[in-house]
Amino acid sequence: MPAYVGRFAPSPSGPLHFGSLLAAVGSYLRARNLGGQWLVRMEDIDPPREVPGAATTILHQLEQYGLHWDGSVRYQSQQNERYEAILAQLYEQRLSYHCDCPRKRIKAVGGIYDRHCRNLAKPAEDCAVRLVNQHGCHQFNDLLLGQIETDSAFASEDFILKRRDGLYAYQLAVVVDDHDQGITEIVRGNDLLEPTVRQISLYHTLNWQTPSFLHLPLAINVDGNKLSKQNHAPALDSTNVSHTMATALDLLGQPLPAELNKAPVAEQLNYAVAAFELTRVPTTRQLAAPCR
Ligand SMILES: [Zn+2]
């Protein structure tokens, strides 16, 4: 068994909000409690969605909250050569193909791609790259939620590895990076539960060791919507850090003793790392976040 390596992988489309703090703290506690490493990676492969300076802000926020990472931060935007090498390898092995089907046509066949271009040997120009999905993963074990079943058509779809506009698909980048960084367990919000089956398919296709998965509950606002940048969740409080950390730990089922509620975050985290118990993390899919 390799030593535990966990990670937090935000996309720099804005500063961290309370929902992203939950994922960061959850993955941090799990890694540190097991004596493992905790890495940080910037998922900056979607330039149109990125906000200048957000990556720096996020790293500053993590430090402010006492979430210190190991090693240097990896940036997906610097891994293009690596992604291209994997794409070339898959194409060589006839495990990928080019597709220029318009979204409209896929919608018309029910929204799941029907492998129309799989054997048409289309040229690379103006095409997306799709995986020949021979390892449809219909279920997997989540360390918190147990057995997860997925829609089988979705699970066996020939999904996109590189978009027609030239951007790398999240599924490709995340699998290559997690593999390259030696991640042994992925702890993240359960908004990423569904794509997990696609990532597992890709691990199997590439013959790579699949990490374990643990999906944390998501913070929702008073309207029942996920706290997200799209929903304009406010940036993480930078003035009341100990209070916010105590709230996050509470929601993750790891409450602090009263005397630590206002302690410096380093003290709070020291306690929470030692006391962390996975069985106390709520298995509900959503958690009502405090009004923020
Ligand atoms: Zn096609």
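In the next few minutes I will go through the two domains of this protein, the interface they share, a small sheet and some salt bridges.

Please keep in mind from the start that what we are looking at is a predicted model. The protein is divided into domain 1, which covers residues 5-78 together with 182-288, and domain 2, which covers 80-139 together with 146-171. Where do the centres of these domains lie relative to each other? The C-alpha centres of domain 1 and domain 2 are 28 Å apart, and the contact involves 24 residues on the side of domain 1 and 25 residues on the side of domain 2.

Let me say a word about how one describes such a contact, since the size of an interface is often given as the accessible area lost when the parts come together. Here the area buried between domain 1 and domain 2 is about 2200 Å², and carbon and sulfur atoms give 62% of that area. If we look at domain 1, the residues that lose the most area to domain 2 are Ile45, Arg198 and Thr205, which together account for 30% of what that side buries.

Which residues form a salt bridge here? The rule finds 1 salt bridge across the interface of domain 1 and domain 2. Glutamate 157 and arginine 198 form a salt bridge in which the closest N and O atoms are 2.1 Å apart, and arginine 198 is, as you may recall, one of the residues of domain 1 that lose the most area to domain 2. Between the two domains there are also 4 residue pairs counted as being in polar contact. Helix α7, residues 195-206, gives the most to the side of domain 1 that touches domain 2, contributing 10 residues, and the residues of that side divide into 11 nonpolar, 7 polar and 6 charged.

Now to the sheet, which is open and has 3 strands in the order β1-β2-β3, with parallel pairing. The edge strands, each pairing on one side only, are β1 (5-8) and β3 (74-75). Strand β2, residues 37-42, runs parallel to β1 and is joined to β1 by 4 bridges, and glycine 6 stands opposite tryptophan 38 in β2.

Finally, the structure as a whole holds 18 salt bridges. One of them brings together the side chains of arginine 32 and aspartate 70, at 2.7 Å from N to O. This pair links distant parts of the chain, with arginine 32 in helix α1 (residues 18-33) and aspartate 70 in the loop between α2 (54-64) and β3, 38 residues apart.

Technical notes:
Residues are numbered from 1 along each chain as its sequence is written. This is a predicted model: local features need pLDDT of at least 70, side-chain atom pairs count only at pLDDT 80 or more; totals for chains, interfaces and linings use all residues. Side-chain values use heavy atoms; hydrogens and water are left out. Domain bounds come from an automatic or database domain assignment. Contact means heavy atoms within 4.5 Å. Buried area is the accessible area (1.4 Å probe) that two parts lose on being put together, summed over both. A salt bridge is a side-chain nitrogen of Lys or Arg within 4 Å of a carboxyl oxygen of Asp or Glu. A polar contact is a pair of N or O atoms within 3.5 Å; within protein, one must be able to donate a hydrogen and the other to accept it, and residues adjacent in sequence count only if both atoms are side-chain atoms. Helices (H or I, at least four residues) and strands (E, at least two) are DSSP runs, numbered from the N terminus. Ala, Val, Leu, Ile, Met, Phe, Trp, Tyr, Cys and Pro count as nonpolar, Asp, Glu, Lys and Arg as charged, and the others, Gly among them, as polar. Two strands pair if DSSP finds at least two bridges between them.
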